[in-house]
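Student: I would like a close look at one part of this model. Please take a helix, say where it sits relative to the nonpolar core, and then work outward to the charged side chains.

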Amino acid sequence: MITATSQAQNYATQFSNGYAEAESDTTPDKGGKGIGFRPHELLEAALANCMNMTLRMAAEKYQIPLSGVSVSVSLNRQNPETKIFEYRVEFPDSLHDVEKQKLLSALERCPVRKTLSSPLEFAFCE
């Protein structure tokens, strides 16, 4: 569970899982100071982190030597009807195309991607 707590500056928010903490805010044009992650960036971060871990787990499973990988995610919200998570993956040059494709196919099983692809509901809990 994540708990978000208001800070003194306009929309600055500190959030924690009980072990680690980070800050969130909105942009100055929306009344914030821009001193932390914007909320939509946190969605992008959740997906990018999960994809990165999924790729590394798949490399381990398939015994593909992977010295490192970088995943970038951007949430395209231009179309009001459909939001698109656009992503890029940077593999080391040492990987062959067949290995890259095998690892990329593992992204279909990324748990956060599965969650974001499912119908969502929201429930207020007292």
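Tutor: What follows starts at helix H1 and its part in the core, then moves to the loop after the helix and to the charged groups.

The model is predicted, and the values below are computed from it. Helix H1 covers residues 39–61. The largest nonpolar core has 17 residues. Within this core, Met51, Leu55, Val71, Val73, Phe91 and Leu103 touch the most other members. Three elements each supply at least two residues of the core: helix H1, strand S4 (70–76) and helix H2 (97–106). Of these, H1 gives the most, with 7 residues. As a general point, nonpolar side chains in soluble globular proteins tend to be buried together.

Two positions in H1 can be placed against residues further along the chain. Ala45 lies in helix H1. Its C-alpha is 7.3 Å from that of Val73, although Ala45 and Val73 are 28 residues apart in sequence. Val73 is also one of the core residues that touch the most other members. Ala45 itself has a relative accessible area of 26%, so Ala45 counts as partly exposed; the cut-off for buried is under 20%.

Asn52 is also found in helix H1. Here the relative accessibility is 14%, and Asn52 therefore counts as buried. The C-alpha atoms of Asn52 and Val69 lie 6.9 Å apart in space, while 17 residues separate Asn52 from Val69 in sequence.

Next comes the connection from H1 to S4. Gln63 is located in the loop between H1 and S4. Gln63 is not a glycine, yet its phi is positive, at about 55 degrees. Its relative accessible area is 72%, which means that Gln63 is exposed; exposed requires over 50%.

The charged side chains can be taken in two groups, the paired and the unpaired. The count of salt bridges comes to 2. One joins Glu41 to Arg38, with the closest N and O atoms 3.2 Å apart. Glu41 is partly exposed because its relative accessible area is 26%. Arg38, at 33% relative accessibility, is partly exposed. The other salt bridge is between the side chains of Arg113 and Glu108, with an N to O distance of 3.3 Å. A relative accessible area of 23% makes Arg113 partly exposed.

For the unpaired group, Lys61, Lys102, Arg109 and Lys114 form a positive surface patch. Patch members have no salt bridge and over 30% relative accessible area. Lys114 is placed in helix H3, which runs over residues 111–117. Lys114 has 47% relative accessibility and so counts as partly exposed.

One further position, in an earlier loop, gives a comparison outside the helices. Gln7 lies in the loop between strand S1 (3–6) and strand S2 (13–16). Gln7 is partly exposed because its relative accessibility is 34%. Gln7 and Ser24 are 17 residues apart along the chain, and their C-alpha atoms are separated by 9.7 Å.

To return to the helix you asked about: H1 gives the most residues to the core, and H1 also holds the buried Asn52 and the partly exposed Ala45.

Technical notes:
Residues numbered from 1 in each chain as written. Predicted model: local features only at pLDDT ≥ 70, side-chain atom pairs only at ≥ 80, totals over all residues. Heavy atoms only, no water. Patch = residues over 30% accessible without salt bridge, like charges linked within 9 Å, V, L, I, M, F, W, Y side chains within 5 Å. Areas by Shrake-Rupley, 256 points an atom, 1.4 Å probe, with all protein chains shown as cover. Salt bridge = Lys/Arg side-chain N within 4 Å of Asp/Glu carboxyl O. Lys, Arg positive; Asp, Glu negative; His and termini not counted. Charge placed at Lys NZ, Arg CZ, Asp CG, Glu CD. Helix = DSSP H or I, 4+ residues; strand = E, 2+ residues; numbered from the N terminus. Buried < 20%, exposed > 50% of the residue type's maximum accessible area, 1.4 Å probe, protein only. Core = buried A, V, L, I, M, F, W, Y, C linked by side-chain atoms within 4.5 Å.
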